[in-house]
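Welcome! Please take a moment to look over the sequence and the 3D view, and then we can walk through a few places together.

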Amino acid sequence: MTEYTAMVFDYKYFKREILSLTGIDLNAYRENQMKRRIDALISKNKIVGYDKYVYRLKTDKDKLEEFINYITINVSEFYRDLSQWKVMEDKAIPELISRFGKNLKIWSAACSTGDEPYSLVMALSRHLPLANIRILATDLDRQVIEQAKEGIYCERSIVSVPPDLKRRFFRQTGSSFKIANEIKNCVEFREHNLLKDAYPLGCHMIVCRNVLIYFTEEAKDMVFRKYFKSLVSGGLLFIGSSEQILNHREIGYNRKNAFFYQKP
């Protein structure tokens, strides 16, 4: 067996062990990209070999949490790609309210540290009383969910928040900014694995942005089809500016613009 073959075999073993240990299917991620990230983390921990790293993950809870947090690629910020949120506020939300009324069911999938669902609440607050706003926010990573519940952010994370909303809903504490409880109370956070858990049904809008770019084409197709089933007729899927659904017609979506897709 060559050294290269042994490495491939070892990584296959590693993927099987991680699936068993965490429920995360690394086969659904682009392999070269994900393997580089994992190799870098193993090297950082000064461990030699996937087998030894697996043993460490099984025996050290903190290292397991570190691994999950690292590979789930948690990069987020409020009102990311501001022009898209302008379309959300001026067109998408009014259209949804006109069609479905004030009590919308909205799911922020792979919500990371909460920047996105909290941005959704603020965007909705321009059209609805906070008492009518309820967002389901889910992520695979328990650590980032706990961070989201705290609602404390650095200045860089909130730089794109419109000034009036920033004044209304954030309080500065030292160099950090804490989001108002009235916004936090509109969001329910849950753990959820997009690749294996059941999806909520009856959604009027699903927001999943800049996450699936790390998935294989097969995994992305599966997720987009499940989102389609989760949406009500007339519901919207909001994706990131670097993403597109190449086979949206085959799945059944109508493309509203570059980042909004509608279920007929």
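## Arg209 and its surroundings

Which residues does Arg209 touch, not counting residues up to four places away in sequence? The contacts of Arg209 are with Arg80, Asp81, Gln84, Trp85, Glu116, Phe238, Ile239, Gly240 and Glu243. Please keep in mind as you read that this is a predicted model.

Arg209 sits in the loop between β7 (203-207) and α10 (217-230). Its relative accessible area is 6%, so Arg209 counts as buried. Two of the contacts can be described in finer detail. The side chain of Arg209 has a polar atom 3.2 Å from the backbone oxygen of Arg80, and the side chains of Arg209 and Asp81 are joined by a polar contact of 3.4 Å.

## Ile239, a partner of Arg209

Ile239 is one of the residues that Arg209 touches, and it makes a good next stop. You will find Ile239 in the loop between β8 (231-238) and α11 (248-251). With a relative accessible area of 1%, Ile239 is buried.

Leaving aside neighbours within four places in sequence, Ile239 is in contact with Gln84, Cys208, Arg209, Phe224, Gln244, Ile245, Phe259 and Tyr261. Gln84 therefore appears in the contact lists of both Arg209 and Ile239. Ile239 can also be compared with Val207: they are 32 residues apart in sequence, while their C-alpha atoms are 6.3 Å apart in space.

## Helix α6 and Pro117

How many of the residues in helix α6 (residues 115-125) are buried? The count is eleven of eleven, and the helix is described as mostly covered. The buried residues of α6 include the charged pair Asp115 and Glu116, and also Tyr118, Leu120, Val121, Met122 and Leu124. Glu116 has already been mentioned, as one of the contacts of Arg209.

Pro117 belongs to helix α6 as well. It is buried, with a relative accessible area of 0%. Not counting residues up to four places away in sequence, Pro117 touches Ser108, Cys111, Ile135, Ala137, Val187 and Phe189. Between the C-alpha atoms of Pro117 and Ile152, which are 35 residues apart along the chain, the separation is 14 Å.

## A cavity in the model

How many cavities of 30 Å³ or more are there? The count comes to two. The second largest cavity has a volume of about 30 Å³.

Its lining is made of Leu104, Ile106, Leu124, Leu128, Asn132, Ile133 and Arg134. Sorted by kind, these lining residues are five nonpolar, one polar and one charged. Leu124 links this cavity to the previous section, as it is also among the buried residues of α6.

## Helix α3 and Ile47

Which residues of helix α3 (residues 50-59) are buried? They are Tyr50, Tyr53, Val54 and Leu57. These four lie on the same side of α3, because they cover an arc of only 105 degrees around the axis. On the other side of α3, Lys52, Tyr55 and Thr59 are exposed.

Ile47 is located in the loop between α2 (31-44) and α3. Ile47 is buried, with a relative accessible area of 14%. Setting aside residues up to four places away in sequence, Ile47 touches Ile42, Lys52, Tyr53 and Arg56. Two of these partners have come up before: Tyr53 as a buried residue of α3, and Lys52 as an exposed one.

## Two residues with a positive phi

Most residues other than glycine have a negative phi. Against that background, two residues are worth a look. Tyr79 is not a glycine, yet its phi is positive, at about 50 degrees. Tyr79 is found in the loop between α4 (61-71) and α5 (82-100), and it is buried, with a relative accessible area of 1%.

Ser112 is not a glycine either, and its phi is positive at about 55 degrees. The loop between β1 (106-108) and α6 holds Ser112. Is Ser112 buried or exposed? At 6% relative accessibility, Ser112 counts as buried.

Terms used. Residues numbered from 1 in each chain as written. Predicted model: local features only at pLDDT ≥ 70, side-chain atom pairs only at ≥ 80, totals over all residues. Heavy atoms only, no water. Buried < 20%, exposed > 50% of the residue type's maximum accessible area, 1.4 Å probe, protein only. Arc of directions from axis to C-beta. 1 Å grid on protein atoms, 1.4 Å probe; cavity = no way out; pocket = protein on both sides within 12 Å on 5 of 7 lines; lining within 4 Å. Points joined across faces, edges and corners; volume = space filled by probe spheres on them. Polar contact = N/O pair within 3.5 Å; in protein donor to acceptor, adjacent residues only side chain to side chain. Contact = heavy atoms within 4.5 Å.
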